Amino acid sequence: MLEETGPEWLSEEVKTGTTIIAIEFNGGVVLGSDSRVSAGDSVVNRVMNKLSPLHDKIYCALSGSAADAQTIAEMVNYQLHVHSLEIDEDPQVRSAATLVFATLNGLLTRQPFAVGGSGSSYVYGFVDAEYRKGMNKEECQQFVVNTLSLAMNRDGSSGGVAYIVSIDEHGTEEKVILGNDLPTFFDQ
Amino acid sequence: MEKRCTDSQVKGVSTGTTILAATFDGGVVIGSDSRASIGGEYVSSKTINKVIQVHDRIFSCIAGSLADAQAVTKAAKFHLSFHSVQMETPPLVIAAASVLKELCYKNKDELQAGFITAGWDRKNGPQVYVVSLGGMLISQPVTIGGSGSTYIYGYVDAKYKPNMSKEECLQFATNALALAMGRDNVSGGVAHLVVVTESGVEHVVVPGDKLPKFHDE
């Protein structure tokens, strides 16, 4: 190659090659994500919060192209706001999910827990083995943190810190767990 | 330089597969699934054994192209038995792994097969070696391979502990294989497990319906 093409990250699309997870418990949900945004081989943001609010008690976890994901989240946030004014009450989670599904076209399915993003492949076995019905909020938070930590250790496109959001009838709680506070495993 | 193909892009019969090996206190457990497929669309064998015995206490698991793997293990078995006659002693596990590595490295342009070699020898006890596609050889306490292994990295990282007992290690390996077979469409069938210790070799076959079930099944 004789030409100067400049650094890769100037021409590569910015992706949130990522690990995201969401889990239901009796009384609420916990969502979690890592914080790495990459453009090719470069990490362009190591502290991005991929858990985006669609409404007070409805959150969305982003993966794939950072631009597209953020835009869709903002669009749905606006549409949900208008919708909630029209029905004069808080929107249903199902409505939010349908709005996202209608924008993206794909499969909409309800599950007790879900993992996504490039890092999710590495933790399917772990979540299949460890998920139990009837966990309480603290157990779910621990499960989410463990899963994120394992995925971040194996997936080159996931890393940084872990963001956790816990939502129940009393409110929404956002938390950040810094890199050195994440759980470690036998080879670390 | 050409990119190495992944398991799922192997032409011909591939062992789109899940293989693993783990050391425990006094031995190793080696395991695999039993499915062979063509292009990921047709299961050409439901009961193939991917754990090949290359010597009395040394086993190899194969991943990638079945034809390449069979040819390489045949050559390796021959080399090893000749080597052990010359040395007048059973071969070391690392000798077996090195033989495979030489074959993989020298023929890297033609071959598409990777191996996990594990076993027990008098000098170093239980060991696990990985020979990857291009011929790299490394030693690890636990290792997984094949297309199904992607899904159990998290599980293995979380659940493996060095110096487990034989029963714990067997349960760990069975669970890991079951989880991988549950998520990977080109892994499946029965779980073949082999336990190698100083005192001998024990084969365990867990049929599909006796595999551990997890929350969604």
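These exercises walk through parts of a two-chain predicted model.

This is a predicted model: local features need pLDDT of at least 70, side-chain atom pairs count only at pLDDT 80 or more, and totals for chains, interfaces and linings use all residues. Residues are numbered from 1 along each chain as its sequence is written, chains are lettered from A and ligands numbered from 1 in the order in which they are written, and side-chain values use heavy atoms, with hydrogens and water left out.

**Exercise 1. The sheet of chain A**

Task: Give the strand order of the five-stranded open sheet in chain A, and find its edges.

Solution.
- Start with the terms. Helices (H or I, at least four residues) and strands (E, at least two) are DSSP runs, numbered from the N terminus. Two strands pair if DSSP finds at least two bridges between them.
- Read the order. The sheet runs β7-β1-β2-β8-β9 in chain A, and its pairing is antiparallel.
- Find the edges. They are β7 (113–116) and β9 (171–177) of chain A, each pairing on one side only.
- Check the turn. Neighbouring strands of this sheet are turned by 10° against each other on average, direction ignored. Axes here are lines fitted to C-alpha atoms, for helices over the stretch in contact, and angles run from 0 to 180 degrees between N-to-C directions.
- Look at one pair. Strand β1 (residues 20–25) of chain A is joined to β7(A) by four bridges. A:Ile21 has A:Val115 as its bridge partner in β7(A).
- Add the helix. Helix α5 (residues 137–154) of chain A packs on the sheet and touches β1, β2 (28–33), β8 and β9 of chain A. Contact means heavy atoms within 4.5 Å. The helix direction makes about 160° with that of β1(A).

**Exercise 2. One residue in that sheet**

Task: Is A:Ile164 buried or exposed, and what does A:Ile164 touch?

Solution.
- Place the residue. A:Ile164 sits in strand β8 (residues 162–168) of chain A.
- Apply the cut-offs. Buried means under 20% relative accessible area, exposed over 50%, partly exposed in between (1.4 Å probe, protein chains only). A:Ile164 has a relative accessible area of 1%, so it is buried.
- List contacts. Leaving out residues up to four places away in sequence, A:Ile164 touches several residues, among them A:Val30, A:Leu51, A:Leu148 and A:Ile177.
- Compare sequence and space. A:Ile164 and A:Leu148 are 16 residues apart in sequence, and their C-alpha atoms are 9.9 Å apart.

**Exercise 3. A hairpin, and His55 of chain B**

Task: Describe how β5(A) and β6(A) are joined, then place B:His55.

Solution.
- Take the hairpin. β5(A) and β6(A) form it with two residues between them.
- Count bridges. β5(A) pairs with strand β6 (residues 58–61) of chain A in the antiparallel sense over four bridges. A:His55 stands opposite A:Ile58.
- Judge burial. Strand β5 (residues 51–55) of chain A is largely enclosed by the rest of the structure, because four of its five residues are buried.
- Turn to chain B. B:His55 lies in strand β6 (residues 51–55) of chain B. B:His55 is buried at 16% relative accessible area. B:His55 touches B:Ser84, B:Pro90 and B:Pro91, not counting residues up to four places away in sequence.

**Exercise 4. The sheet of chain B**

Task: Which strands form the edges of the open sheet of five strands in chain B?

Solution.
- Read the order. The sheet runs β11-β2-β3-β12-β13 in chain B, with antiparallel pairing.
- Name the edges. They are β11 (142–145) and β13 (200–206) of chain B.
- Check the turn. Neighbouring strands are turned by 15° against each other on average, direction ignored.
- Pick a pair. Strand β3 (residues 27–32) and strand β12 (residues 191–197) of chain B share six bridges. B:Ile30 stands opposite B:Val194.
- Add the helix. Helix α4 (residues 166–183) of chain B runs at about 155° to β12(B).

**Exercise 5. Salt bridges**

Task: How many salt bridges does the structure hold, and which chains does the pair A:Glu130 and B:Lys159 join?

Solution.
- Recall the idea. Side chains of opposite charge can pair when their charged atoms come close. A salt bridge is a side-chain nitrogen of Lys or Arg within 4 Å of a carboxyl oxygen of Asp or Glu.
- Take the total. The structure holds 13 over all chains.
- Follow the pair. A:Glu130 and B:Lys159 form a salt bridge, with the closest N and O atoms 3.1 Å apart. A:Glu130 lies in helix α4 (residues 124–130) of chain A and B:Lys159 in helix α3 (residues 153–159) of chain B, so the pair joins two chains.
- Check exposure. A:Glu130 is partly exposed at 23%, and B:Lys159 is partly exposed at 31%.
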